[in-house]
Amino acid sequence: MKLSVPGRAAAAAVVAAVTLLTTGSIAGAAPAPEAAAAAPDLPVANVKAHLTQFQSIATANGGNRAHGRPGFKASLDYVKAKLDAVGFTTSVQQFTSGGLTGYNLIADWPGGDADQVIMAGSHLDGVTSGPGINDNGSGSAAVLEAALTVARTNYQPTKHLRFAWWGAEERGLVGSNYYVSNLSSANRDRISGYLNFDMIGSPNAGYFVYDDDPTIEQTFKDYFAGIGVATEIETEGDGRSDHAPFKSAGVPVGGLFTGASRTKTAAQVTKWGGTAGQSFDRCYHSSCDTTSNINDTALDRNGDALAYAVWELSS
């Protein structure tokens, strides 16, 4: 993140089952439609394995994965290789910011309605002061694992799926702005929704949901309600991450966040646990934003919420 109808349906199912058992068919019924694929669990161990790779890349490249630095390009190459190996169509956009070359990585899953595109994205760059594992290796790793899970399960959604990893977010949303500004009006209108994941494993985590598009917001809230986790509206990063260019262009947006430098309140501790009076992420934009700076429970829950939303909104 840069700086500054259930009961009625059940009864109907019982009637249908009884009729089927007694007659062998449901009189007058059309063939049942194929059920939408259920969202899979996103293995947190796999997400953490990607974070370990990002940490190793940073360590081997001056301790960071920042825009214009070799650690960023190595991170992009790692993600691209994973996607290419499982059948995604990948493309790399190149741009310049601050005299340095930056890159966006876009990955399309073949199939689905090209006039209805669901995108999930995260910024892949960090700041120069540290390896950027929560900010934003966490979002990048979860989006990557969601994409790999699409391939592993051979998911065939009704809508077209596209995943993105942005460059130079920390310099002012440069990469995502470049992508959106270079879309034709027709291609922009084809995007049914953009989901953003920026810092989803904060060690003193909160559970924040963007309140931009009502349908996307409710989809995330439904997931968290289903696992008994309270949520709050995200305000700390409003307009400060890669959903902002999409929102400005009229694309429906939503996303998840577990908190950055703001302080967790006693009321929030009652909801979520953790430590009152302490930042959600004390290592925000610091050298200690390493693989030790991740709340596994928050990473797991948000990764599963990401998968749930992608499957629900694209089916």
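Analyst: Helices, here runs of at least four residues, and strands, runs of at least two, are assigned by DSSP and numbered from the N terminus. The model you are looking at is predicted, and in it Asn154 sits in the loop that joins H4 to strand S4 (159–166).

User: What is the phi of Asn154, and is that residue buried, partly exposed or exposed?

Analyst: The general idea is that most residues other than glycine have a negative phi, and that most peptide bonds are trans. Asn154 is not a glycine, yet its phi is positive, at about 50 degrees. Its relative accessibility is 48%, so it counts as partly exposed, since the exposed class starts over 50%.

User: Which residue in the loop between S4 and helix H5 (174–181) could I set beside it?

Analyst: Ala168 lies in that loop, and although it is not a glycine either, its phi is positive, at about 55 degrees. Ala168 has a relative accessible area of 1%, so it is buried, because buried means under 20%.

User: Which peptide bond is cis?

Analyst: The bond that leads from Asp135 to Asn136 is cis, its omega being near 0 degrees, and Asn136 belongs to helix H4 (residues 133–152).

User: How do I read a buried polar side chain, and what does the side chain of Asn104 reach?

Analyst: Begin with the setting and then look for partners. Asn104 is part of strand S2 (residues 100–109), and its relative accessible area is 0%, so it is buried. Its side chain reaches the backbone nitrogen of Gly167 at 3.0 Å and the backbone oxygen of Gly175 at 2.8 Å. Among the residues that Asn104 touches, leaving aside those up to four places away in sequence, are Leu76, Phe95, Trp165 and Tyr178.

User: Where do the buried residues of H7 lie around the helix axis?

Analyst: List the buried residues, and then look down the axis. In H7 they are Ile216, Glu217, Thr219, Phe220, Tyr223 and Phe224. Viewed down the axis of H7, these fall within an arc of 160 degrees, so they line one face of the helix. On the other side, Pro214, Thr215, Ala225 and Gly226 are exposed. The cover over the buried residues includes strand S5 (191–197), strand S8 (253–257) and helix H10 (296–314).

User: What is found at the N-terminal end of H7, and what comes just after the helix?

Analyst: Asp213 caps the N-terminal end, with a side-chain oxygen 3.2 Å from the backbone nitrogen of Thr215. Just after H7, Gly228 has a positive phi of about 75 degrees.

Terms used:
Residues numbered from 1 in each chain as written. Predicted model: local features only at pLDDT ≥ 70, side-chain atom pairs only at ≥ 80, totals over all residues. Heavy atoms only, no water. Buried < 20%, exposed > 50% of the residue type's maximum accessible area, 1.4 Å probe, protein only. Polar contact = N/O pair within 3.5 Å; in protein donor to acceptor, adjacent residues only side chain to side chain. Contact = heavy atoms within 4.5 Å. Arc of directions from axis to C-beta.
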